[in-house]
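Let's take a look inside a protein and see which parts sit together. Have the sequence and the 3D view ready.

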Amino acid sequence: MNVVILGAGEVGYHIAHRLAREGNNVSVVDQDGERLQVIADAMDVKTICGKASHPSILEAAGAGSADLLIAVTTNDEVNMLACQVAHSLFKVPTKLARVREADYAQNREQLIGRDDLPIDVIISPEGEAAKVVMGRLNVSSALDAREFFDGEIQLVEFVVRPKSLLSGLSLKEFPEVMGNLGVYVVAHEHNGRWTVPKGDTVLLAGDSIYVAVSRRQLDKLMEMLDMACHSPQGRNIMIVGGGHIGFKVASELERAGAMVKLIEHSNERAEWLSDQFKNVVVIQGDALDQKLLEEENIDKMDDFLALTNDDETNILSSLISKRYGVPHVVTLVNRSIYTQLVRQIGLDVTVSPRLSTVASILSYVRKGRIHGMASIADGNLEVLEAEALETSAVLNRPLKELALPEDTVIGAILRDGKIIVPNGSVEVETHDHVLIVTTSASISAVEKLFEVHLEFF
């Protein structure tokens, strides 16, 4: 597949890296020569220095033979114009654009269409990140929580506690301990290394695991593990940062009935925010001001959400909230260099707009019927929701006989609205939706099991 990526920032870099590693022909366009050099040194891609919306630059990048154009520059207007140029001059069949401005995203139905802006998919980093933040709040004792199958399956991460029900348990003993509760362990971390576990994997205190569980049984699982699972309604929540993500999350929490205090540094932005809410208290001030935090009763908060555009402010304010005993802290981390560091300093629940955006974009460019995709385990593992069609290679064979890659596991199957927890004798049927956890290196092999023909969503 021939792919043109516009923008060599964090998102463009990681998309290029993924697609190039899978054998696609990738070209990357950016005006920053230093960024392009970093990409050229790290992977086998073509780089072009220039303005992404200019026809001559797009032509040099190979737009004339491109199957897909992904516009992820930092400028919404450049992304949208580049899609128009790619459509009008080069007939690129599929075009994805990152659009951050809320005014554009809210009017996407009127803006996008065959006779309007020729963009097949608009990706909103803020919208994707806000979804992840809300998922963390709904399962506040978990380190991570994702939804699949339209919310029917929850993928939840938590730490194995000392002397807990799971400590010292091997995965082959899991069904016996869980009884009628349908739970499947799909990822395991020990000593900082994430893997797809096997039946003889033993869970030790301090390990982290991801489990797939039905939405209807999530409360029962958390109760069994003596962990909290609460609705945001009635909770005291402090948000730092009233940008696009903070605004979206505060809006969702206001609708959910939470008691929200939002701290915004910019006086102009704080005034605007005050006009948008009825039941959210907006405070103009510095999130690192200890006196301000104490005046706003940070020690009485149930949740603290650090959602500014500045990683250092998010990390420091989160550490301060931990010091005041806030039980649940979510930290937004934009730069990949911090992703591995924050957990080492005690910030377990993080959100990365970069990872959320990359996963959303990649879910649209996969072969076969891949309906959803997410990166978990600090980006080390991939989760795919795939639909089995009439000619898929996974049909009508017991799972134990499938030629799955070694680092791959099927965590759940949705059939006619019912969740099936897999075992070796279960067979995948036509139109089943299958939840798969694998490594990025094995995605191509997994796709082939569900592949029918090249299709973009």
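Leaving aside its neighbours within four places in sequence, which residues is L305 in contact with? Keep in mind that this is a predicted model. Setting those sequence neighbours aside, L305 touches V133, L137, I237, M238, I239, V240, V249, L253 and V330.

L305 also belongs to a bigger picture: the largest nonpolar core, with 28 residues. Along with L305, the residues with the most contacts inside this core are I239, V249, L253, F277 and L307. Several elements each supply at least two residues of it, including β12 (236–240), α10 (244–256) and β16 (328–332). The top contributor is α7, which gives 6 residues. Domain 2 (134–225) and domain 3 (233–356) each provide at least three residues of this core. As a general rule, nonpolar side chains in soluble globular proteins tend to be buried together.

Apart from that core lies another one, made of 26 residues, with V28, M43, V121 and I443 among them.

Now for the aromatic rings. The whole structure holds 3 aromatic pairs. One of them joins F247 and F277: the pair is tilted, 5.6 Å centre to centre, with 50 degrees between the planes. F247 sits in helix α10 and F277 in the loop between α11 and β14, so the pair ties together parts that are 30 residues apart in sequence. Both count as buried, as the table shows.

| Residue | Relative accessible area |
|---|---|
| F247 | 18% |
| F277 | 9% |

W272 joins in too: F247, W272 and F277 form one aromatic cluster.

Definitions and conventions. Residues are numbered from 1 along each chain as its sequence is written. This is a predicted model: local features need pLDDT of at least 70, side-chain atom pairs count only at pLDDT 80 or more; totals for chains, interfaces and linings use all residues. Side-chain values use heavy atoms; hydrogens and water are left out. A nonpolar core is a set of buried Ala, Val, Leu, Ile, Met, Phe, Trp, Tyr and Cys residues joined through side-chain atoms within 4.5 Å. Buried means under 20% relative accessible area, exposed over 50%, partly exposed in between (1.4 Å probe, protein chains only). Helices (H or I, at least four residues) and strands (E, at least two) are DSSP runs, numbered from the N terminus. Domain bounds come from an automatic or database domain assignment. Contact means heavy atoms within 4.5 Å. Rings of Phe, Tyr and Trp (its six-membered ring) pair if their centres lie within 6.5 Å; planes under 30 degrees apart count as stacked, over 60 as edge-to-face and the rest as tilted.
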